[in-house]
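Colleague: I'd like a close look at one part of this protein, the nonpolar core and what sits around it. Could you walk me through it?

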Amino acid sequence: MSGCIMPDTMANPLVCDRNIDFLLYEVLDAPSLCTLPTFAEHGRETFDLVLQNSRRFAREVLFPTYKPMDAEPPQLENGRIVLHPAWRKIYPQLCSLDLIAASRPFAVGGQQLPLLLTTLASAYLMAGNLNVAGILGLTAGAAHLIEAFGSDELRQEFMTRMYRGEWTGTMALTEPHAGSSLADVKTRATPTADGHYLIQGAKIFISGGDHDLTDNIVHMTLARIDGAPAGLKGISLFAVPRRRRHGDGWVDNDVAVTGMIHKIGWRGAPSLALQFGEQGDCNGWLCGEPGRGLSCMFQMMNEARLMVGTNGVATASVAYHQAVQYARERPQGRPLSSKADASRPQVPIVEHADVRRMLLRQKAIVEGGLALLATAAKQADLFGHAGTAAERHRAGLLLDLLTPIAKSFPAEYGFESNALALQVHGGYGYSSEFLPEAWLRDQKLNSLHEGTTGIHGIDLLGRKVVAEGGAALVILQEEILATVARAQRAAIFPTLCERLAETMASVLPLTMQLASKGLQGDVEGMLLHSADYLQLLSIVVVSWQWLLQAAVAAEKLAAGTLTTDMQTTERDFYEGKLCAAQYWLATELPRVPQLLALCQQGEDSYARMKPEWF
Ligand SMILES: Cc1cc2nc3c(=O)[nH]c(=O)nc-3n(C[C@H](O)[C@H](O)[C@H](O)COP(=O)(O)OP(=O)(O)OC[C@H]3O[C@@H](n4cnc5c(N)ncnc54)[C@H](O)[C@@H]3O)c2cc1C
C-alpha cells in the first residue's frame, strides 16, 4: 500500500455542514415552521444544537466504528444474536441524543421538532454508521405505530420504553413467500379469552430482529386473524414482544431466531429469520382495527421510505466526500497540455477533467437528493401541522407524490454515485482497505427494502400521480413554474429554465394518456413503462430542486453582502452550487424526452418477450 493515500489519514465530514445550513436556512426557511403552534417552542438555536450534537456524535463516535462493524458482523450463538462489542458502548450514547422521539409530541416524551430538522440530523448518523442509525429509525417507527394505534396499556408498557430506547422495535412484514406481495402474508393470529392473540408464523429479513443491547424488542407484525378473508383486507397489525410480562416478572414470548442473513452490506446490523409461536405460546396484541393492519403499517412504511431515501443520500455523501479528498491528494499524471514533459511534477487527479466529471456527478446526485429529502420532510411537517385544512391537503398530495421518488432516486442514482466514488480511487477503490467498496455494498440495499424500485414505479404511476384526477402533478407543476420564474428573475440558465418548464408540461398529457389506458381496462399497458416513468419524473423533480438551489445561490452572489473574510469560501460554495445545477439540468433533462417516448409509444419488447425465450 505504500505510495497511496491511506483512508484513515482523512477526516471525512460525512455530510457538508454548509450545505445543511444552506438547505435549512436559505432554501427552505426552516425557522418559518416555528410560526406553527406545534413547533412554536423552537427556533434556530434549538435546530443548531440538535445538528451540532448529531454531527459530533456521527464524526467522533459512529464513524470510527463503521469499518470494524463491517468486518465483524453479528454472530448467532445459542439462538441469540451477539453484536460487535462497539455497539454496547455506542448505544447508550445514541439514546442520550434523544432522537428516537424527537419529532413526536411533548405529551409522549418527544421534543416536537420538525421532521425537516430530524431528517437532516439523521443523515449525519447514517453517513457515520448506518448500521447503528438504522435501529434508531426502526424503533421510532414501531413506537409511533403503538402511539397511533395501540391501547393505553400498550402505550404505557411498550411505547414509552421504546421512545426512551430501553427497548427497540422492528417491522415484521416479510415472509419467505410474501415480500413485494404482502397480500400473501400467512402468519396467523388466534384470539384468546384474555384479549391477546396467539401468533404463529415465519418472518424473514427482520432487521434488528434480535440483539444483546436491550431487555426487550417489540416486533410490529402483520398477521391474519383466524377466519379473516384472503388478501390485504384480512391483514391485521400486532405488537409482539420478545419477552412478555408474567406475574411480577418476564418470560420469553416464544419468538425464536431461526437464521441469520449473511449480507453483502449493512453487515454490522442483524437481519434475521424469526419464528413466532413454535411452542404455541407467542402472545401478540392487536393495534388498530382487525383487517386494517396494512393501512396502519403504511404509517411506518411511509416514514421508513423517507428514512431509506435519507440513507441513500447519506451513503452516497460519505463516499463522495472521501472521493473529493482522495482526488485532491492523489498525485497522478500531468495536464493534457504538458503530458510529454515528465520533468514536471505530477498533479493531483482532481486536476483532470474526467475526474471532476465524476465528482460533479456525485455532488449533483448527493446534494440534489438531499434537497429532495428535505423538501419531502418539510411537506410532511406541513401535512401534519399547517394552519388550514387546505394547506395540509396540498402538502399531503405533494408528499405522497414525492415519497416514491425520495425513496428510489437516492437508491438508484446513489448506487451510481457510490460506484463513481470507487472509480475515483482507481485500483485502491477495489480494495477492502478503502471504504468506498463497503459503501457501495451498503447502498445496494436501498433499492430493495421498503419496496423495490420496481414496486415504487408501479405505486407512483398506478396510484400517486392519478389520485384526485392528477392533483399532485398540478401542484408539482405550480411549484416548478414558481422556481423557474425565480431563476429567470435571477437571470440564470435561460435555456435550461425554459426546458424544465416544457419538460414538466409534457409529463401531464403523458400521464393522462397512461391513466386513460388504465381506465379502459389496460392496466398492464398503463404500467408497462412504470420504471421509465419513475425515472423521468425523478429527473424532473431533482431538476426542480437544483434550479431552486441555483436561484438562491445566484441571489446571494448578486446581493453583494458577502463580507471580505467570508468571501472566498462563501463564493466557492455558491459557485459550486451553480455549476452543479448547470451540470444536472444540462445532462439529465435531455434524457426525459427519450424516456417519455418509451412510455408514450408503449415500446413492447419486454411485454412480448416470453419467459421461455430467455
Ligand atoms: C437486508 C434486508 C433487510 C430487510 N429488512 C426488513 C425488515 O426489517 N422487515 C421486513 O418486513 N422486511 C425486510 N426486508 C425485506 C424486504 O422488504 C424485501 O426483501 C422486499 O420487499 C422484496 O421482497 P422479496 O425479497 O421477497 O423479493 P420479491 O418480492 O420476490 O421480488 C423479486 C423481484 O421481483 C420484482 N417484483 C416482485 N413483484 C413484482 C410485481 N408485482 N411487479 C413487478 N415486479 C415485481 C421485484 O421488484 C424484485 O426485483 C429486508 C430485506 C433485506 C435484504
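**Inside the core**

Modeller: Let's start with Leu 125. Setting aside neighbours within four places in sequence, Leu 125 is in contact with Ser 54, Phe 57, Ala 58, Leu 62, Leu 94, Leu 97, Leu 99, Leu 130, Ala 133 and Leu 136. Keep in mind that this is a predicted model.

Leu 125 is a good way in, as it's among the residues with the most contacts inside the largest nonpolar core. The others on that list are Met 220, Met 297, Leu 476, Tyr 533 and Leu 537, and the core itself has 194 residues. Helix 4 (residues 115-149) gives the largest share of this core, 19 residues. Where does the core sit relative to the domains? Domain 1 (168-291) and domain 2 (467-607) both give residues to the core, so it lies between them. The C-alpha centres of those two domains are 42 Å apart.

Now to helix 11, which covers residues 453-464. Its buried residues are Thr 453, His 456, Gly 457, Asp 459, Leu 460, Leu 461 and Lys 464. As a reminder for reading that list, an α-helix has 3.6 residues a turn, so residues three or four places apart point the same way. What do the buried residues of helix 11 pack against? They pack against helix 6 (293-329), helix 8 (389-424), helix 12 (471-489), helix 13 (494-519), helix 14 (523-527) and helix 15 (530-559).

One more spot to click on is Lys 363, in helix 7 (residues 353-385). Is this lysine buried or exposed, at 13% relative accessibility? Lys 363 counts as buried, because 13% falls under the 20% cut-off. Leaving out neighbours within four places in sequence, Lys 363 is in contact with Tyr 320, Gly 368, Trp 546, Gly 576, Lys 577 and Ala 580.

Zooming out, the protein has 18 helices and 12 strands. Of its 614 residues, 56% count as buried. Take the contacts with a separation of 6 or more: 76% of them are between residues 24 or more positions apart. A compact globule with 614 residues would have a radius of gyration near 25 Å, and the protein agrees with that at 25 Å. Its C-alpha trace spans about 80 × 60 × 60 Å along the principal axes. On the outside, the protein exposes about 25300 Å², and carbon and sulfur atoms supply 55% of that.

Definitions and conventions
Residues are numbered from 1 along each chain as its sequence is written. This is a predicted model: local features need pLDDT of at least 70, side-chain atom pairs count only at pLDDT 80 or more; totals for chains, interfaces and linings use all residues. Side-chain values use heavy atoms; hydrogens and water are left out. Domain bounds come from an automatic or database domain assignment. Buried means under 20% relative accessible area, exposed over 50%, partly exposed in between (1.4 Å probe, protein chains only). Helices (H or I, at least four residues) and strands (E, at least two) are DSSP runs, numbered from the N terminus. Contact means heavy atoms within 4.5 Å. A nonpolar core is a set of buried Ala, Val, Leu, Ile, Met, Phe, Trp, Tyr and Cys residues joined through side-chain atoms within 4.5 Å. The radius of gyration is taken over C-alpha atoms; the globule rule is 2.2 Å times the number of residues to the power 0.38. Accessible areas come from the Shrake-Rupley method with a 1.4 Å probe; for residues, only the protein chains shown count as cover.
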